[in-house]
Amino acid sequence: MITSVAHAARADGPWVFAPARQARRRVRPPRPAPRGATPLVAVLFDRDGTLIEDVPYNGDPGRVRPMPGARAAVEAVRRRGLSLGVVSNQSGVARGLLTRERVAAVRRRVEELLGPFGVWAVCPHGPDGGCGCRKPAPGLVYAACAELGVDPARTAVVGDIGADLAAARAAGARGVLVPTPVTRPEEVAAAEESAPDLLTAVRRLLDPENPENPENAEGPLGHPPAQGPAGGAP
């Protein structure tokens, strides 16, 4: 049964959710990058272990918990006017542990907590599925960039394991590692860019010359915003 599910998912390709499509069309142009900075136009985040706590094969919205600094990091990218997306491997689908509806339910809960994202690109295949979208392959990055209408070369991918950075590299995007206790030491050593936490990673992306710029945080430095209801940010 698992083999047949994986094969069917592979034929369908990655799942792409674009819940903020209309809002994205009204978004203001990105502000000019600081002098000497790479002119990024989009940031893609891994889901589990990066934006939210990693609960294996989670399909329960009630178990979604944002990672420290996630709301402030996402809001900083929104305020800069960059496009936002999520790229996530969800092999629980191929294993028969998740459905499209459960994946979508978790996505909606994440957006309730962190605000809307322009695109979600999800790989429903297993490690042996033979697809081109499961990270470390670049397919999810390509799919997200295509939906957002951005160049992968002007996109950053932020994740917690080596596969996230490998996918970014394969797509021609910039990768930043934010290690967690599950990140292997060799992945940390191999990372071209890394940061101790999510907010620091975003600050460096937005303003590498002055990462402590208060404009690169939701509120005063060291004081994340209250986790209230997400507004209609573009």
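The side chains of Asp164 and Lys135 meet in a salt bridge, with 2.8 Å from N to O. This pair links distant parts of the chain. Asp164 sits in helix H6, which spans residues 162–171. Lys135 belongs to the loop between strand S4 (119–123) and helix H5 (139–148). The two residues are 29 residues apart. Both Asp164 and Lys135 are buried. The model described here is predicted.

The contact between Asp164 and Lys135 does not stand alone. Asp46 joins Lys135 and Asp164 in a network of salt bridges. In total, the structure holds ten salt bridges. Side chains of opposite charge can pair when their charged atoms come close.

A further salt bridge lies within one helix. Glu112 pairs with Arg109, and their closest N and O atoms are 2.8 Å apart. Both residues lie in helix H4, which covers residues 100–114. Three residues separate them, about one turn of the helix. Glu112 has a relative accessibility of 47%, so Glu112 counts as partly exposed. Arg109 has a relative accessibility of 29% and therefore also counts as partly exposed.

Arg184 and Glu187 form another of the salt bridges, at 3.4 Å from N to O. Their burial was examined residue by residue. Arg184 counts as partly exposed because its relative accessibility is 45%, a value between the limits of 20% and 50%. Glu187 counts as buried because its relative accessibility is 12%, and buried means under 20%. This salt bridge thus joins a partly exposed Arg184 to a buried Glu187.

The overall fold gives the setting for these pairs. The chain has eight helices and six strands. Read from the N terminus, the elements run α-β-α-β-α-β-α-β-α-β-α-β-α-α. Helix and strand alternate through the order until two helices end the chain's list of elements.

Values for the whole chain complete the description. The chain has 234 residues, and 53% of them count as buried. Contacts were also sorted by separation in sequence. Among contacts between residues at least 6 apart, 71% join residues at least 24 apart. The salt bridge of Asp164 and Lys135 likewise links distant parts of the chain. The accessible surface of the chain comes to about 10,600 Å². Carbon and sulfur atoms account for 54% of that surface.

How values were computed: Residues numbered from 1 in each chain as written. Predicted model: local features only at pLDDT ≥ 70, side-chain atom pairs only at ≥ 80, totals over all residues. Heavy atoms only, no water. Helix = DSSP H or I, 4+ residues; strand = E, 2+ residues; numbered from the N terminus. Buried < 20%, exposed > 50% of the residue type's maximum accessible area, 1.4 Å probe, protein only. Contact = heavy atoms within 4.5 Å. Areas by Shrake-Rupley, 256 points an atom, 1.4 Å probe, with all protein chains shown as cover. Salt bridge = Lys/Arg side-chain N within 4 Å of Asp/Glu carboxyl O.
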